[in-house]
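Good morning, and thank you for the opportunity to present. I would ask everyone to keep the sequence and the structure in view while I speak.

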Amino acid sequence: MGRPGLDFPGLGVGLVILRDDQILLYKRLNPPEAGYWNIVGGKVDHMEPAEEAARREAEEETGLTIGRIERIGVTEQIIDADRQHWISILYLARDVEGEPQLTEPDKLSDFGWFPLNGLPEPLSAFTRAAISALPAKERA
């Protein structure tokens, strides 16, 4: 059958979560881009609407309750070092409840809120693409 992202391009989603002019980032433990800071997200399951996948992945990874989200773009990431290829739909959430947690310690090692002008390194290519897709008023 094959594995999305490895044997054929995978369909993923990413969710930029903003609160008080800061972005929520998690540090990845696994490829692609292990050790890099990343927005939350993951793959879209068969027959799952992408917007629902974005909300599901974010809630699973953060423990937050995600309210209204908006689509902000699409990105394609070909990560030669990890031999992975993903096409991802990007979303933005400002409507979130709760405090983030480290709910998947087998996948993520750390998290934090960061100002857009003070992002941690290394920052994943996926996250850089998502930040570039933000509306101009969010990046100001």
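I shall discuss the annotated domain, then the nonpolar cores, and then the aromatic pairs. Please bear in mind throughout that this is a predicted model.

Let me begin with the annotation. An unreviewed UniProt entry places the feature "domain: Nudix hydrolase" at residues 8-136. Over residues 8-136, strand accounts for 43% of the chain and helix for 18%. The C-alpha atoms at the two ends of this stretch are 33 Å apart.

I turn now to the interior. As a general background, nonpolar side chains tend to be buried together in soluble globular proteins. In this model, the largest nonpolar core has 19 residues. Which of its members touch the most others? They are Val 13, Leu 15, Ile 17, Ile 66, Ile 69, Tyr 91 and Ala 93. Four elements each supply at least two residues of this core: strand 1 (10-19), strand 2 (22-28), helix 1 (50-62) and strand 7 (84-93). Helix 1 gives the largest share, four residues.

Ile 69 is a useful residue to examine in detail. Setting aside neighbours within four places in sequence, Ile 69 is in contact with Leu 15, Glu 51, Ala 54, Arg 55, Tyr 91, Leu 92 and Ala 93. There is also a second, separate core of 15 residues, and Val 16, Leu 92, Leu 123 and Ala 130 are included in it.

My last topic is the aromatic rings. How many aromatic pairs does the structure hold? It holds two.

One pair is formed by Tyr 26 and Phe 111; it is stacked, with 5.2 Å centre to centre and 25° between the planes. Tyr 26 belongs to strand 2 and Phe 111 to strand 9 (residues 108-115), so that distant parts of the chain, 85 residues apart, are linked. Is each ring buried or exposed? Tyr 26 is buried, with a relative accessible area of 1%, whereas Phe 111 counts as partly exposed at 28%.

The other pair consists of Trp 37 and Phe 114. Why is this pair called edge-to-face? The ring centres are 5.2 Å apart and the planes stand at 70°, and planes over 60 degrees apart count as edge-to-face. Because Trp 37 lies in strand 3 (residues 37-38) and Phe 114 in strand 9, the pair ties together parts that are 77 residues apart in sequence. Trp 37 is buried, with a relative accessible area of 7%, and Phe 114 is buried as well, at 17%.

Key:
Residues numbered from 1 in each chain as written. Predicted model: local features only at pLDDT ≥ 70, side-chain atom pairs only at ≥ 80, totals over all residues. Heavy atoms only, no water. Core = buried A, V, L, I, M, F, W, Y, C linked by side-chain atoms within 4.5 Å. Buried < 20%, exposed > 50% of the residue type's maximum accessible area, 1.4 Å probe, protein only. Contact = heavy atoms within 4.5 Å. Phe/Tyr/Trp six-rings, centres within 6.5 Å; stacked < 30°, edge-to-face > 60°. UniProt positions renumbered as here; feature names shortened; annotations may be inferred.
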